[in-house]
Amino acid sequence: MNIIVNPPKTDWPEICRRNIPDDTVIEESVAGILNEVKHRGDAALKHFAREFDGVENLAIKVTRQEIEEACSLVSEEVKRAISIASENIEKFHKAQLPKEIKVEVQPGVTCYQKGVAIKRVGLYIPGGRAPLFSTVLMLGLPARIAGCNEVVLCTPRGKNGRISPEILYAASVCGISEIYGVGGAQAIGALAYGTESIRPVNKIFGPGNRYVTKAKMKVSDKVAIDMPAGPSEVLVMADETANPLFVAADLLSQAEHGPDSQAILVTTDKRIAERVEAEVKELKKHLSRTDSIEKSLSKSHAIVFDSIDTCVEFIDTYGPEHLIISAKNPWKIAGEVSVAGSVFIGNFSPESAGDYASGTNHTLPTSGWAASYSGVNIDSFIHKITYQELTPQGLENLGDTITSMAKAEGLDAHALAVEVRLQERRVGK
């Protein structure tokens with residue numbers, strides 16, 4: 001990590017630039033993959049599994065027997081951890097269920113709003129560098145709580161043709177039985193367009209690499225997506241009260257995700273930045289994903305500002321996926337931040353807690369998309385329907401308002417739809 005002291009605002013855009021290489025080649029590759037899946041279906045899925053994952057004779061559908069065998073391989077320790085995490089995730093997401101709204105806006109005119117679960121959703125679960133079975137819980141449990149009738153899961157098979165047992169076990173905990181051993185951009189294409197084996201879905205959820213993210217963006221004219229969720233990132237805001245060891249560990253926890261991940265430290269104390277840098281160098285000696293960590297940290301920064309206010313302004317400019325506030329009065333600082341995916345308050349709230357078991361969702365907007373997107377929540381699996389009911393007297397009371405506005409817009413038939421009803425009502429009297 002390089003330490004930058006009081007960079008001028010003209011330098012902020014460059015500092016905030018994510019560690020994502022030019023994706024012209026990826027754009028073309030993904031377009032080709034999606035086109036193949038759209039026109040060749042299962043044959044394309046098998047071709048790409050062989051080409052990209054080294055899987056011969058791909059079994060697209062995961063059988064019940066395969067799920068049961070995989071579940072038997074999961075250790076009791078991991079099962080207990082999944083049980084505790086699931087309980088916390090369920091508690092927090094059940095509390096988010098929307099209430100039906102009913103308002104009589106004026107006598108005889110009543111408006112309603114009700115949340116209705118999306119019928120068929122597709123969950124993409126990465127299985128490359130790390131089989132993210134925690135993501136199964138983060139997507140599968142809210143889908144079940146929201147009441148989605150059909151939940152489909154896609155995750156890639158390894159070269160041995162197998163899927164991580166923990167992923168299949170987590171799926172069973174969420175009640176998901178429609179599972180396909182397909183990964184990458186081709187899985188997104190299958191969920192969007194459908195193939196002989198996989199019926200298309202109404203909305204696609206889940207993080208992934210640049211190919212998966214680009215595929216989600218490209219199919220969004222056909223099917224809804226949760227958000228553009230690309231390489232992971234964390235920003236730690238620390239003052240002189242922060243523990244440099246904790247901060248270093250938090251930065252490394254994101255850097256190990258992959259070479260495209262980014263870890264940023266923003267502080268008001270240069271000594272903290274220097275001590276964190278020293279702790280990072282020491283801690284990374286003991287970690288396994290050294291290649292990912294080194295490449296990620298080469299594009300990461302420690303930035304020193306003179307004031308908390310400037311730190312907050314920079315945070316809002318960067319728009320972090322994860323924001324950790326290790327400082328005095330952390331809730332006050334959090335209240336001033338308006339752009340972040342998920343915020344972790346105080347010295348004992350590591351980002352790892354949100355990734356696994358605190359109860360909040362870890363599927364979050366990256367690359368500054370936090371300025372306009374929320375992380376996954378119950379609302380992500382629900383669409384809202386509004387209703388209105390007018391009594392005869394209600395239409396009488398509102399009629400002049402409607403017809404005046406309709407005629408002013410030159411839409412005579414809109415006005416007519418009201419006038420014929422009122423005329424019929426008056427004649428009937």
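Guide: Welcome! A salt bridge is a side-chain nitrogen of Lys or Arg within 4 Å of a carboxyl oxygen of Asp or Glu, and this structure holds 26 of them. The model is predicted, so local features need a pLDDT of at least 70 and side-chain atom pairs count only at 80 or more, while totals for chains, interfaces and linings use all residues. Residues are numbered from 1 along each chain as its sequence is written, and side-chain values use heavy atoms, leaving out hydrogens and water.

Visitor: What makes the meeting of Lys-214 and Glu-27 a salt bridge?

Guide: Their side chains meet at 3.3 Å, N to O. That is within the 4 Å limit, so the pair qualifies.

Visitor: Which parts does the pair of Lys-214 and Glu-27 tie together?

Guide: Lys-214 belongs to helix 9 and Glu-27 to helix 2, so the bridge joins parts that are 187 residues apart in sequence. Helices here are DSSP runs of H or I with at least four residues, strands are runs of E with at least two, and both are numbered from the N terminus.

Visitor: Why is Lys-214 called buried or exposed?

Guide: Buried means under 20% relative accessible area, exposed means over 50%, and partly exposed is in between, using a 1.4 Å probe and protein chains only. Lys-214 has 19%, so it counts as buried. Its partner Glu-27 has 31%, so that residue is partly exposed.

Visitor: How do you know that Lys-328 and Glu-240 meet in a salt bridge?

Guide: The N to O distance between their side chains is 3.1 Å, so it falls within the 4 Å cut-off. This pair links distant parts of the chain, 88 residues apart: Lys-328 sits in the loop between strand 12 and helix 14, Glu-240 in the loop between strand 9 and helix 10. With 48% for Lys-328 and 42% for Glu-240, each is partly exposed.

Visitor: What separates Lys-295 and Asp-291 in helix 12?

Guide: They are four residues apart in that helix, so about one helical turn lies between them. Their side chains form a salt bridge at 3.5 Å, N to O, and Lys-295 is partly exposed at 42%. There is also a network of salt bridges, which links Arg-120, Glu-150, Glu-178 and Arg-199.

Visitor: Now to Thr-267. Why does Thr-267 count as buried or exposed?

Guide: Its relative accessibility is 0%, so Thr-267 is buried. The residue lies in strand 10, residues 262-267.

Visitor: What does the side chain of Thr-267 reach at 2.8 Å?

Guide: The backbone oxygen of Ala-238. The same side chain reaches the backbone nitrogen of Asp-269 at 3.0 Å. A polar contact is a pair of N or O atoms within 3.5 Å; within protein, one must be able to donate a hydrogen and the other to accept it, and residues adjacent in sequence count only if both atoms are side-chain atoms.

Visitor: Leaving aside neighbours within four places in sequence, which residues is Thr-267 in contact with?

Guide: Contact means heavy atoms within 4.5 Å. Among the residues that Thr-267 contacts are Ala-238, Asp-239, Ile-272, Phe-305 and Cys-311.

Visitor: How do you know that helix 8 is mostly covered?

Guide: Nine of its ten residues are buried, including Gln-186, Ile-188 and Leu-191. These buried residues pack against several elements, among them helix 2, helix 3 and helix 9. Right after helix 8 comes Gly-194, with a positive phi near 85 degrees.

Visitor: What makes strand 2 hardly covered?

Guide: The count of buried residues among its six residues is zero. Val-103, placed in strand 2, is partly exposed at 40%.

Visitor: What do Ile-101, Val-103 and Val-105 form?

Guide: A nonpolar patch on the surface, with about 240 Å² of accessible area together. Patches take residues with over 30% relative accessible area and no salt bridge, joining nonpolar side chains (Val, Leu, Ile, Met, Phe, Trp, Tyr) within 5 Å and like charges within 9 Å. The areas come from the Shrake-Rupley method with a 1.4 Å probe; for residues, only the protein chains shown count as cover.

Visitor: How many bridges join strand 2 to strand 3?

Guide: Five, and the two strands run antiparallel. Two strands pair if DSSP finds at least two bridges between them, so these qualify. Val-103 has Cys-111 as its bridge partner. The strands form a hairpin with two residues between them, and Gly-108 in the turn has a positive phi of about 85 degrees.
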